[in-house]
Amino acid sequence: MPPKRSKSATSSAGSKGKGKGKRIQSPVHETKPGHPDDIFPLVLTSATQKLFGCCSDVDVTGERPYKLLKKDDVIKDFKTRAAVSDFSPVKQIVLDYPDDDLLLVFDRDFIYGQSFYLVLTPEAKERILNVAGSPEPETPQVFEDEAIKTPEPEPWISLGSEQEIEEESVRETREKLLFTYKLSEVRRKFGPPAVFSDSKTAVTGCPSCPDSRFSIKLMLRDFGCRAVPRLHSSNTQTKGKLTSDVSTQYTPREFSNEEKEEILRSESFLNFFEKVTSSMLKALQQETIMNVFVDRWKAMGTTSEDEYLSPEVPKHLMLFKVFTEEKYAKGKKISTFNWHPTLHGVIAVALTEKRTEDSPMFESEDSFIVFYSFSDSSHAQLLLECPGDIFAFEFCPSDPNIIVGGCRNGQVVLWDVSAHSIHLKGTQPGEKAPFNTATFDVDDHKEKNTPVVRYCAASPIENSHKAPITDVQWLPPTFEVTNRGLPVENKYNISTQVVTCSPDCSIMFWDVRVSNVNRSARKQSADQKAPYSFLNTFKHLVDTWRPFYKVSLPMIGTTGKYAPLKFCLEPYICVANHTAGATEAENENAVNSEVIPDFSQLRVPLAETLTPLEDVNTKLFIGTESGEIIYSDWKKVIDNSGSLESVKPLHCFNTHYWLVNTVQRSPFFKDIILTIGNWNFAIWKEGVTGGPIIVSPNSEQWCTVGCWSLTRPAILFIGKEDGSIEVWNLLEKMIEPVRVYAQVSNAKITCIKPWTSSKQNFLAVADELGMLCMFEMPKTLCVPSRNEISNLEKYFVVEEDRLQDRLRRKEQRAKEPKRMDCDKPLKLPVDEEQEYKNYLKLEEQILKGLGLLSATPESHTFSHTHL
Amino acid sequence: MAEVEETLKRIQSQNGVQGIIIINSEGIPIKTTLDNASTVQYAGLIHQLVMKARSTVRDIDPQNDLTFLRIRSKKNEIMIAPDKDYFLIVIQNPSD
């Protein structure tokens, strides 16, 4: 029986006191087969079991494994059965056993190897019994069965933790020291009376000295606060008036008729009436005479309530559309454009090459006039082919399908777009394009190729201008001009004549009808086939077209001629004051004018058959290349030799310093003309011969183009070279524009034209990049202010007067100095001498008075030189 | 009676007179040339106004008294001649 106890002991020690044997058995069972010293495993046969009354599972069970055996019984058993007794191996121990009772434990689980074991020593017996059997002390049997399972307190085995605790623990290393202090006064000091005296120092205290060795920083401070509302109780007392809705319904008190009669008859009433009547009548009269409550201040103002000091012109223009054509407009600049006179939303734009000075003049490249429509802003609707760059073109006023243009090479070109007018109409916004297969190829229509119209007629080079045509205008349908330059009536009331001007110093008049001259030549040309022209409208003009009338512009004062760039005619409105025959003709014409005439059938009537119109203003305002504005008559006079000669211009003013780019009549005033030069613009009144009535201040940027507004008589738009547009209001200020729209375009603005309809107002701006921008004009620029026309008229009159006044004064001043010069040297020095002497005397007096007088001649000489 | 009528006609014939109302001191119309509803309305309102105006004048200076009151509006002018017992109201359209 090798005693191996360590682990089992610890484990049992660990669980000592826990009670039941089973629990203790299990850890022991796992460990090892040994058994402690003081027990002895026994095998007891069933006979022995019966004898001692400890049959397994009957008398002793797992729960009650303890059986106390009497020693005497065991010894008797020895005697009876001697060697056979089961207790024989422990015979000696039993004999030596001091106690009377022996504990036999049923080892059910064979922990110690056998089914029973005998506890050898009484201490162990006690121990086991106490542990196990304490809850049942009354049965000695149970008490005998010691509970092995109760854990015995085992000595603690150190694992090292106590060392840590040792380290951490705080223990007194030595005894506490006890010091006893006894402070007391010396005995003799007890008792005497106290003596008080002032202390030497003001403060007697025992301040703590700050120990520099350490300082404790207060890191955390407990702080508490409590908010207390400031309560303030007060009370008031009001005379509470309860409001209540009260309504009454009443009928007016009335007098009955009798009562009324009664009153009317009464004396007091009559008295009253007498008194009152006179004052009432007086008041009524006063009323009718004069209105005393008129607000004169308000009545003086010319502005309405809405616009006090003309409204702010908005800072930006609203862009409506931008028209560019990728194919044809790339790299080109727009020289001019025109709104279609009848079709809404159609614009014709002339595209020209951007040429520098060096490029050759007559490079033949395809130039086009492009028609745009509102419905499609990036594709041209129609193209007009030109023989060269077009600088000016116009729609015919009486037939918008005829367009005349002036070329770079001096030719005048005609187009007829009647074939495409339907197409153009269809491109108007809001209308469906009618499918017109007659005019187009089906393929073309599918591919959406823009139709190209070639010019119908072009004047032959030898008959044309020698320089680019810069301005083209149709004569109004109200009169014609004969080949002698006399205005005559226009029988058909259609525009058939065109006036062109060019810097080759001539103005030419052309007629689009069949001319009477050159009939033979015409016949010849009729045989030739006109090249590429779809239409025969102007076939009669091919090769033979020539101006029927030419005007040259000789300079005033010097030889040479003016080079006109732009001109302006006066539109003549026909006054019906003819004879009866003429009126009949007019009526007929009124009917006929509905029908678009066929130009080839028209013939220039003989000059003699037409009645001359006397009241046509044949004078033109012309702007020249060198910045002069000429007022000239186109009628020629018969000079000495009997031939017609151009008359010298009536007036010429050099208001602009360089190219004049616009000469335009105001749409509101017949006699007001706007001319724009490179640096300034001027306003002229026809009939005022002294000069322009208004001249604007010079601007820094070149003014490239300008126009009147169509709706507001005082508004001008001026386009500048840097791409900005200035809006000038003549009534507001003349020193600067009312609004400058900067950077409307990135390049020079080449043309501005406004257009109005009842609903919309547009301003179209063309620039040098080939783009045509359309802006919607803000209301403030479209709606005229109250009395604008009359104010403007007054303003012009004022300006005119001022001009006249200035001229007059200039004349006066021109005359006067001649007088002044001879008088001056005689008169003035005399006066001055006298004055000087007086001054010297005064000076002396003052200096004497001050006591500073030092009679030094130098001071006098000094003042002499001062003179 | 006839004189009253005649005088009223005279007043009526002046330029622009739209209507005449005579009311007593309590605001009850006695004679009128307008329709009943307007008369009653004018009478009630103007009576109060005259009372107020009169008290204003007399408050400022007790010796003073209101002799004539004219109300000019955008569309017309109302002239009131007050007396101790009666008021005469004339509505006129001023000639502008």
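This report covers the interface of chains A and B, one sheet of chain A, and salt bridges.

The model is predicted: local features need pLDDT of at least 70, side-chain atom pairs count only at pLDDT 80 or more, and totals for chains, interfaces and linings use all residues. Residues are numbered from 1 along each chain as its sequence is written, chains are lettered from A and ligands numbered from 1 in the order in which they are written, and side-chain values use heavy atoms, with hydrogens and water left out.

**Interface of chains A and B**

Chain A brings 28 residues into contact with 35 residues of chain B, where contact means heavy atoms within 4.5 Å. About 3,000 Å² is buried between the two chains, and carbon and sulfur atoms give 69% of that area. Buried area here is the accessible area (1.4 Å probe) that two parts lose on being put together, summed over both.

The rule finds two salt bridges across this interface, a salt bridge being a side-chain nitrogen of Lys or Arg within 4 Å of a carboxyl oxygen of Asp or Glu. Lys275(A) forms a salt bridge with Asp83(B). Four residue pairs, both residues at pLDDT 80 or more, are in polar contact across the interface. A polar contact is a pair of N or O atoms within 3.5 Å; within protein, one must be able to donate a hydrogen and the other to accept it, and residues adjacent in sequence count only if both atoms are side-chain atoms.

On the side of chain A that touches chain B, α9 (257-265) and α10 (267-289) of chain A each supply at least two residues. The largest share, 17 residues, comes from α10(A). Helices (H or I, at least four residues) and strands (E, at least two) are DSSP runs, numbered from the N terminus. By residue class, this side of chain A has 14 nonpolar, eight polar and six charged residues. Ala, Val, Leu, Ile, Met, Phe, Trp, Tyr, Cys and Pro count as nonpolar, Asp, Glu, Lys and Arg as charged, and the others, Gly among them, as polar.

**A sheet of chain A and its link to α18**

In chain A, four strands form an open antiparallel sheet in the order β27-β28-β29-β30. Its edge strands, each pairing on one side only, are β27 (662-665) and β30 (694-695). Two strands pair if DSSP finds at least two bridges between them; β29 (residues 681-685) and β30(A) pair over two bridges. Ile683(A) stands opposite Ile694(A) in β30(A).

Lys685(A) forms a salt bridge with Glu800(A). Because Lys685(A) lies in strand β29 and Glu800(A) in helix α18 (residues 788-850) of chain A, the pair ties together parts that are 115 residues apart in sequence. Both Lys685(A) and Glu800(A) are buried, that is, under 20% relative accessible area (exposed is over 50%, partly exposed in between; 1.4 Å probe, protein chains only).

**Salt bridges**

Over all chains the structure holds 18 salt bridges, including those tabulated here.

| Pair | Closest N to O |
|---|---|
| Lys275(A), Asp83(B) | 2.8 Å |
| Lys685(A), Glu800(A) | 3.2 Å |
| Lys720(A), Glu726(A) | 2.9 Å |
| Glu799(A), Arg802(A) | 3.0 Å |

Glu726(A) is buried at 10% relative accessible area, and Lys720(A) is buried at 2%. Glu799(A) and Arg802(A) are three residues apart in helix α18 of chain A, so about one helical turn separates them. Glu799(A) is buried at 5% relative accessibility, whereas Arg802(A) is partly exposed at 44%. Asp805(A), Arg808(A) and Arg809(A) are linked in a network of salt bridges.
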